[in-house]
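Trainee: I'd like a close look at enclosed space in this model, and at whatever surrounds it. Please start with the terms, then go through it piece by piece.

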Amino acid sequence: MREPGIYLGLPEEEYHADPSFSASGIKNITVSPLDYWANSHMNPDHVDKDTPAKQLGKAYHKLVLEGREAFESCYAVKPDIADYPDALDGAPALKAHCKDLDLKASGTIAELCARIREEDTATELWPEIMAEFTAELEGRQVITKDAWKDLNLVDLVMRRSPSTAEAFRGGVPEVSMFWRETDVPMKARIDYVKPFALLDLKSFANQMADEIVSSVAKEVARRRYYIQPVVYTRGWEAMKDMYLAHGSGIITGEGDHSVIETALKEDRTRFFFVFLQTGGVPNVVVREFAMMET
């Protein structure tokens with residue numbers, strides 16, 4: 001387990017590898033103790049399933065929180081054959097073209113492409129296009145053209161919407177914090193820390209086409225998102241206490257430490273959700289979740 005403090009730039013896999021209790025753990029244990037165990041580090045057979053929905057959610061986070069340059073360093077848009085109407089694809093088409101060029105029309109796809117290219121430098125060959133794309137990936141994740149269209153539209157709407165144009169600017173993304181609460185090791189990973197607030201981006205699919213605010217309310221209830229602001233706010237208050245006791249030494253990693261220090265000096269901890277509808281209609285709803293006085 002990591003020492004208590006704030007970690008900037010901590011890789012996501014390292015954060016998740018820490019077995020400290022989290023908002024997700026609380027959600028699981030409120031279902032049943034067995035649900036918590038089955039989805040925790042205590043289960044030796046547990047594997048975190050990286051579903052397509054999770055992968056797309058990560059892409060939204062990367063683009064919105066860190067910007068287009070950071071996104072393009074991690075993701076690449078897969079070529080769509082529809083954009084290459086004249087490209088030859090598949091063995092039958094390649095063999096037919098070989099025959100048109102009076103070339104041997106047998107062999108593997110790679111051999112057919114090489115043979116054609118020796119005689120014909122103009123015709124587009126789909127296997128070559130894909131091979132070039134693969135060679136230039138350099139570890140980047142692949143997304144489809146349709147997914148990129150949705151992401152691009154989201155980026156446009158987020159930058160032009162009055163409620164979100166400045167939401168993810170002037171702050172620090174992916175801020176991890178670790179603390180102890182009544183001897184229980186805790187952790188949280190804040191999507192974005194601004195000098196005056198903590199922000200969390202939630203993407204959701206409004207599959208039932210509910211009125212947008214109603215859909216957000218249902219999503220909060222169904223996924224119990226109301227747990228997260230409590231955990232994150234308590235964690236941030238713990239960080240404030242640590243900062244008062246130990247100063248800037250509690251902040252480590254690469255990032256703008258001054259933003260974090262300014263946020264730690266704020267008397268009030270404010271928490272906002274930014275709800276983003278996915279699936280081609282990027283409605284955005286911003287809601288502040290306030291802790292009730294007890």
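Mentor: A cavity here is a set of points, on a 1 Å grid over the protein atoms alone, where a 1.4 Å probe fits but cannot get out, and its lining residues have an atom within 4 Å of a point. Grid points are joined across faces, edges and corners, and the volume is the space filled by probe spheres set on the points. Keep in mind that this is a predicted model, where local features need pLDDT of at least 70 and side-chain atom pairs count only at pLDDT 80 or more, while totals for chains, interfaces and linings use all residues. Residues are numbered from 1 along each chain as its sequence is written, and side-chain values use heavy atoms, with hydrogens and water left out.

By that recipe the structure has two cavities of 30 Å³ or more. The largest holds about 40 Å³ of space. Its wall takes in Phe 196, Ala 197, Leu 198, Trp 236 and Lys 240, along with Ala 263, Glu 266, Arg 268, Thr 269 and Arg 270. Two elements, β6 (197–204) and α11 (227–246), each put at least two residues into that lining; helices (H or I, at least four residues) and strands (E, at least two) are DSSP runs, numbered from the N terminus. Sorted by class, the wall has five nonpolar residues, one polar and four charged. The classes go like this: Ala, Val, Leu, Ile, Met, Phe, Trp, Tyr, Cys and Pro are nonpolar, Asp, Glu, Lys and Arg are charged, and the others, Gly among them, are polar.

Now pick out one of the charged wall residues. Arg 270, part of the lining, meets Glu 288 side chain to side chain in a salt bridge, at 2.8 Å from N to O. That pair links distant parts of the chain: Arg 270 belongs to the loop between α12 (257–265) and β8 (271–277), Glu 288 to strand β9 (residues 284–288), and 18 residues separate them in sequence. A salt bridge means a side-chain nitrogen of Lys or Arg within 4 Å of a carboxyl oxygen of Asp or Glu. Both partners are partly exposed, Arg 270 at 27% relative accessibility and Glu 288 at 30%. On that scale, buried is under 20% relative accessible area, exposed is over 50%, and partly exposed is in between (1.4 Å probe, protein chains only).

Next, follow α11, one of the two elements named for the wall. Arg 234 makes a salt bridge with Glu 181, 2.3 Å from N to O. Arg 234 sits in helix α11 and Glu 181 in strand β4 (residues 172–181), so the contact ties together parts 53 residues apart in sequence. Arg 234 itself is partly exposed at 45%. Just for contrast, Asp 200 and Lys 202 also form a salt bridge, at 3.3 Å from N to O, but Asp 200 is buried at 3% and Lys 202 is buried at 14%. The search of the whole structure turns up 17 salt bridges, and there is also a network of them linking Arg 68, Asp 155 and Arg 159.

The loops flanking α10 are worth a click too. Ala 209, in the loop between β6 and α10 (212–223), has a phi near 55°, positive though the residue is not glycine. Ala 209 is exposed, at 65% relative accessibility. Arg 224, in the loop between α10 and α11, likewise has a positive phi, of about 55°, but counts as partly exposed at 22%. As background, most residues other than glycine have a negative phi.

Strand β8 gives you an inside view: Val 274 lies there and is buried at 1% relative accessibility. The C-alpha of Val 274 is 13 Å from that of Val 193, with the two positions 81 residues apart along the chain.

Finally, set the other cavity beside all this. The second largest also has about 40 Å³ of space. Its wall is made by Tyr 60, Asp 150, Leu 153, Val 154, Gln 277, Thr 278, Gly 279, Gly 280, Val 281 and Pro 282. Helix α9 (residues 145–160) supplies the largest share, three residues. By class that wall has five nonpolar, four polar and one charged, whereas the largest cavity has five nonpolar, one polar and four charged.

Note on methods
1 Å grid on protein atoms, 1.4 Å probe; cavity = no way out; pocket = protein on both sides within 12 Å on 5 of 7 lines; lining within 4 Å.
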